[in-house]
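I opened this notebook to record what I looked up in a single chain. The entries follow the order in which I consulted the structure.

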Amino acid sequence: MNIVFVCHGNICRSPIAEYVFKDLARKDGSDALYSISSAGVSSEEEGNDIYPPAKQVLRRHAVPFSQHHAHRITDKEFHDADIVIALDSSNLRALRRRFGDDGRIHMLLGRDVADPWYTDDFDTAFSDIESGCISLLMDTKASFPDILS
């Protein structure tokens, strides 16, 4: 299953979600079932690494991450995805404006994950993202009953 997490610039929330989901799937042994990535709806952070406070919150929670290069979601990424997860309603609207609404675009929590770029509250963003990723992992694993049994 190919999942793409999307926020505004791809330097805070979406990479946090990417690495949290990868870590959760690795810990429960289902990581081979997924291709997980992240992107932004904007290209303004193109090429930038994860924002330093976002790296700090990942480290505090012992979530491994690697070098990151922020980018705007491409047509190919979108069309190859099984699920596209928007981190807030603004991202959701931008994705639907650009790609239409074919049922693959969803909100992580059914509500906005506040952008810590503006709130400076990376702990709350991490907590919200982790909670959403746990639910998403459980929901998507239900799609693989034959593989997991």
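Entry 1. I note at the outset that the model is predicted. I began with N10, which counts as buried because its relative accessibility is 0%, against a limit of under 20% for that class. I placed N10 in the loop between β1 (2-7) and α1. Its backbone drew my attention: N10 is not a glycine, yet it has a positive phi of about 70°.

Entry 2. I then turned to A62, another residue that is not a glycine and has a positive phi, here about 55°. I found A62 in the loop between α2 and α3 (75-80). Is A62 buried or exposed? The relative accessible area of A62 is 58%, and the class of exposed residues begins over 50%, so I recorded A62 as exposed.

Entry 3. I next looked up the packing of two helices. I recall that a pair of packed helices is described by the angle between their axes and by the distance between those axes. For helix α1 (residues 13-28) and helix α2 (residues 52-60), I recorded an angle of about 20° and axes 10 Å apart. Angles under 35 degrees count as roughly parallel; α1 and α2 are therefore roughly parallel to each other. I also noted that the crossing in which α1 passes α2 is right-handed.

Entry 4. Which residues make this contact? On the side of α1 I listed I16, Y19 and V20, and on the side of α2 I listed A54, V57 and L58. I sorted the residues of the contact by character and obtained 6 nonpolar, no polar and no charged.

Entry 5. I widened the view to the whole chain. I counted 7 helices and 4 strands. Read from the N terminus, the order of the elements is β-α-β-α-α-β-α-β-α-α-α. I then compared the radius of gyration, 14 Å, with the 15 Å that the globule rule gives for 149 residues; the two are close, so the chain is as compact as a globular protein of that length.

Entry 6. For the extent of the chain, I noted that its C-alpha atoms fill a box of roughly 45 × 35 × 25 Å along the principal axes. What share of the 149 residues counts as buried? I recorded 50%.

Entry 7. Finally, I looked up how contacts are spread along the sequence. Taking contacts between residues at least 6 apart in sequence, I found that 72% join residues at least 24 apart.

Note on methods
Residues are numbered from 1 along each chain as its sequence is written. This is a predicted model: local features need pLDDT of at least 70, side-chain atom pairs count only at pLDDT 80 or more; totals for chains, interfaces and linings use all residues. Side-chain values use heavy atoms; hydrogens and water are left out. Axes are lines fitted to C-alpha atoms, for helices over the stretch in contact, and angles run from 0 to 180 degrees between N-to-C directions. Helices (H or I, at least four residues) and strands (E, at least two) are DSSP runs, numbered from the N terminus. Angles under 35 degrees count as roughly parallel, over 145 as roughly antiparallel, 65 to 115 as roughly perpendicular and the rest as oblique. A crossing is left-handed if the near helix is turned anticlockwise from the far one by less than a right angle, and right-handed if clockwise. Contact means heavy atoms within 4.5 Å. Ala, Val, Leu, Ile, Met, Phe, Trp, Tyr, Cys and Pro count as nonpolar, Asp, Glu, Lys and Arg as charged, and the others, Gly among them, as polar. The radius of gyration is taken over C-alpha atoms; the globule rule is 2.2 Å times the number of residues to the power 0.38. Buried means under 20% relative accessible area, exposed over 50%, partly exposed in between (1.4 Å probe, protein chains only).
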